[in-house]
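Reader: I have not seen this structure before. Could you take me through some of the terms used for it?

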Amino acid sequence: MSLTGFGVALVGADQHWRVVRGWENPADGGALPFKVPLAGVNVALTKYTPEELPRQLAAIAQAGFIWVRQSFYWAEIEPERGIFDFSRYDPIVAALAEQPRLRLVAVLESTPTWARRREASGHFFAPPANMEYFARFARALAARYADQIDFYQIWDEPNLNDRWGGLDPQPVEYAAMLAAAYPAIKGNDLDATVIAAGLAPTVEQGPRNLSDLTYLRALYAYGANQYFDAAAGKPYGFNSSPEDRTVDSNVLNFSRLILLREVMQQHGDGHKALWASHFGWNSLPAGWHGAPSIWGQVDSATQAAWTRAAYRRAAREWAWLGGLILQHWSPDAPADDPIHGFAVSQRAAEWFENGAFFADDALEVGLHHPTDARLRYEGAWLLGTLGADVRSADYADPNFDFSPQRLTFRFRGESLALRVRRGDYLAYLYVKIDGAPANGLPQVDGAGYLVLRSATLQPETVTLRVASGLAEGAHEAEIVPYLGNERWILAAIAVGQAPPQAPLSMSIGALLALIGVAGMAWALRQMPPNSRAQAQAVLRNYFQRMAAFFSAAVISIAGALSMALTINDLLPAALKRDSAAIAAAAAISGALYLSPHLIVTVAALITLIVLIYNRPLIGLALILFWAPFFLAPLELYLWAAPMVELSTLATLSAAILRGALAWLRGARIGRLRLNAFDWLMLALGALGCLSLLWSAERAPALRELRVIVIEPLLFYALLRALRLERREWLLLADVFLMAGAAVSLIGLYGYVTGTGGFALAEQGTRRLMSVYSSPNNLALFLGRVLPFGVALFCFAPSWFRRVGVGILTALVLLALALTQSLGAALLGVPAAVACALLLWDWRRGGVILLGIALIAVIALPVAARIPRLQGALDLSRASSLMRTQLWQASLSMIAEHPLTGVGLDQFLYLYRSRYILPSAWEEPDLSHPHNLLLDFWLRLGLGGLVAFGALQLVFWRRGLRLWRALRGDPWLSACVVGALGAMANILAHGLVDNSYFVIDLAYSFCFVVGLISSLYQAP
């Protein structure tokens, strides 16, 4: 079944690939040329009299054609060297000027007798003996018709012997022709488009005729691509339908053009158009007595149906196609020439319903330049080669209904995208489709809005989809710019058509394959025990041999390390006490920061590692203490890292090394039983790793994964694995409080002396921020330190300890007040203090809380005069308004990424480049949604939100049980109550701010969870 499923899936995949090969959706933003009309026809206008010529051109235009591809024979124009005669072609160019719908493609071919190569002197289509002769002809033609002709094609079918003077085709010679003609034309008509010769479809590989695919590859090998703006092929249908999806170098059909396109893409020319200079199906009349058709043969009805189907397919699938030029209007050939089977002059009006098939003012599938005549501009716009530019004074009202600029157009396609220029500025495009907000954009005030600020703030030109999944038929688009003056913001409009979805057989096949694999697994489980045991024995023996090989080297190295690092007996007795060891570690840490000499730094680092190895608790204490100082990296020669990161890696390494050496010495190592906390924390780490798959900005995502997800989780793992004792948890709680006090003291010193550590708020008031870059960051950290101080104070068994803890807690509380953080003052601190006091003693704690509430009410009139607190609940004020706008944008982000979120540290880039509301333009560089739940959802997806919710459920259920069980132990009760109060702060303050995804917040969160997890599971 498994093999059958794989087979079905492969067949389905092959069928799908056959259908979508060559299909390019412009809305996806790939390299594509600007769209030009498809409909065209080859003509021989020199055969008509001056009276008949206008009638024929009118009939061509009436049939719906745009392009008329006419040969300009050099042999006729310059029969004598240096004497040019355009008398046969001037009337044609003049008559075309009277038909504004028609556009001319001038084909430069043939060689006069005097200029031909000697060995091909009798051949009309001989290559010139000197390419400079051809260049002079091209220069004269372009100079004469620069105002009337924009498209020039150099030669026709140079890959065939009879179109290269009877000589074997040589791509290098044609490359030289292009190199001569291209600058000659551009020198007189800079805006001209030079098209390479239409290559005849053939499977021959020489010498007389050369495959069109081989020939084009050779042109690229000779560097000829720098001398043409578009390539050309000839997708004759022969005897097959235009829906024949066979794409094979040995098959000649309409789909063969895809192979030429793929050659262009392989050589980086996907941005150039590929023209079909000839195509069609030959239909000779009944009783034809002339030569047979070499292009296959169909009846008249099939010819009409397949021609229409070819145009439909090309319009829908081949956005890279230039003109699709039919062969032929009315050939100038003998009556018995089978080329007359292509003639459409008597049928085209009927085929295309008098032009209705081509006549549509709606933009078709493709990439369209803003200068397209079908676009309707209102207001002050400037159009040019760069696109469309807004020309107006800045206007402050972001409501698009009042904007004086507007662009409207009709289009036919399943999706719409805009190619825009973005950079380090803020501007918007409001987009409506059929009067409704564009469904691919965030929405505000009844319109979708596209942000023109780039994610990286660097200038970029990108294609951004604004709508998709649109119904079949014509649609009306409306685009209104807001700001963005003189930026040339609109570079292109892309109308897209998505290819069909993969067939059901692929899904069925994959399901069958999975069922088959599951069946094989079940069958293996049903094997006789003896057979299973034999297979397991083979694997076991293999791994044992590999383990023995590596163990021989490991044990010898481990012995030396054990002797070097197991130096408990050599350490001074004083350093075996936790307080002395931690003091020594603190002193060494200071030396690491302050030492100007590398040798001293390295010596201090080695000493610190030895201390941590002998007492891992020191490493945990250092991690906890240095977490808030993550913005001050430790410089180690060419490498710099925060001390918290260095301490984490050192402690982890020491723990692993201790365990490995103990195992090698034969000591019994107890196994850690994973609990619900552990599995949920692992789930958060796994989701963080998984989020890299859809993180657009990979570098910041990787950094956040390392420093905010992985390393804090390693700290949590160390807390769980090291099996700390009662007094060790109390010591870590003390260290956590001391870290908060140290940060507070540093900030207060700078605040009082005016030397720094504060930010200016409303009316020049100072907001304390200490070692952080923002007062709110300081408040977030101190808010989770404060409940530990309150709990340690309340549960302290002696006045001496209570005074010490009280002083540290007072420092933290004062620093918190000076941050003037509304989230801390109104949410975080009240929740944390209330939790800690009520869990300490609900009666006395309740009385204290009531007293605090009364004091707050009495002080309210005074507080109302503080500029920072004025209008705290007024949603129209800057801070509150910013959050409501941010939450609205975050919800839009979630609506577009409901399952996966956007990934780690992606919010900033997506917010400022796509989701920021126009009314929030003053503060575009926000890096998180200022809400804990939205943050987890956006960074880790719906799974992250669920895991966080489950973690909270487990935390509070088990934490409260633990609190009840430990009422007789004041020290552990203080630790548990502090942890519960800290989590209350995390949740409350997290309603309006970041509460996890900062280094110190992540470490403190893991400390709180690790404390409850370990104590709950402790015997």
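Reader: How many aromatic pairs does the structure hold?

Author: This is a predicted model. The structure holds 56 aromatic pairs. One of them joins phenylalanine 788 and phenylalanine 1007.

Reader: Why is the pair of phenylalanine 788 and phenylalanine 1007 called tilted?

Author: The ring centres are 5.7 Å apart and the planes are at 35°. Rings pair if their centres lie within 6.5 Å, and planes that are neither under 30 degrees nor over 60 degrees apart count as tilted, so the pair is a tilted one.

Reader: What makes this pair a tie between parts of the chain that are apart in sequence?

Author: Phenylalanine 788 belongs to helix H20 (residues 775-795), while phenylalanine 1007 belongs to helix H29 (residues 999-1017). The parts tied together are therefore 219 residues apart in sequence. Both phenylalanine 788 and phenylalanine 1007 are buried.

Reader: Why is the pair of phenylalanine 955 and tryptophan 956 called edge-to-face?

Author: The planes of phenylalanine 955 and tryptophan 956 are at 80°, with 5.6 Å from centre to centre. An angle over 60 degrees counts as edge-to-face, so the name applies.

Reader: How do you know whether phenylalanine 955 is buried or exposed?

Author: Its relative accessibility is 0%. Buried means under 20%, so phenylalanine 955 counts as buried. Tryptophan 956 has 22% relative accessibility and therefore counts as partly exposed.

Reader: Which residues form one aromatic cluster?

Author: The cluster is formed by Trp74, Trp114, Tyr133, Phe134, Phe137, Trp155, Trp164, Tyr174 and Tyr215.

Reader: Which residues gather in a patch of positive charge on the surface?

Author: They are Arg957, Arg961, Arg964 and Arg967. Lys and Arg count as positive, so a patch of these arginines is one of positive charge.

Reader: What makes arginine 964 accessible enough for such a patch?

Author: Arginine 964 has 49% relative accessibility and counts as partly exposed. Patches take residues with over 30% relative accessible area, so arginine 964 passes that cut-off. Its place is in helix H27 (residues 932-965).

Reader: What is notable about the phi of aspartate 445?

Author: Aspartate 445 has a positive phi of about 55°, although it is not a glycine. Most residues other than glycine have a negative phi. Aspartate 445 sits in the loop between strand S17 (443-444) and strand S18 (447-451).

Reader: Why is aspartate 445 put in one accessibility class and aspartate 905 in another?

Author: Aspartate 445 has a relative accessible area of 56%, and over 50% means exposed, so it is exposed. Aspartate 905 has 22%, which lies between the limits of 20% and 50%, so it is partly exposed. Aspartate 905 also has a positive phi, of about 50°. Its loop runs between helix H25 (878-896) and helix H26 (907-915).

Reader: How do you know that the bond between glycine 206 and proline 207 is listed as cis, and where is proline 207?

Author: The omega of this cis peptide bond is about 0°. Proline 207 is in the loop between strand S5 (193-199) and helix H7 (212-221). The peptide bond from glutamine 327 to histidine 328 is also cis, with omega near 20°. Histidine 328 is in the loop between strand S8 (321-326) and helix H10 (348-351). Most peptide bonds are trans.

Conventions. Residues numbered from 1 in each chain as written. Predicted model: local features only at pLDDT ≥ 70, side-chain atom pairs only at ≥ 80, totals over all residues. Heavy atoms only, no water. Patch = residues over 30% accessible without salt bridge, like charges linked within 9 Å, V, L, I, M, F, W, Y side chains within 5 Å. Areas by Shrake-Rupley, 256 points an atom, 1.4 Å probe, with all protein chains shown as cover. Salt bridge = Lys/Arg side-chain N within 4 Å of Asp/Glu carboxyl O. Charge placed at Lys NZ, Arg CZ, Asp CG, Glu CD. Helix = DSSP H or I, 4+ residues; strand = E, 2+ residues; numbered from the N terminus. Buried < 20%, exposed > 50% of the residue type's maximum accessible area, 1.4 Å probe, protein only. Phe/Tyr/Trp six-rings, centres within 6.5 Å; stacked < 30°, edge-to-face > 60°.
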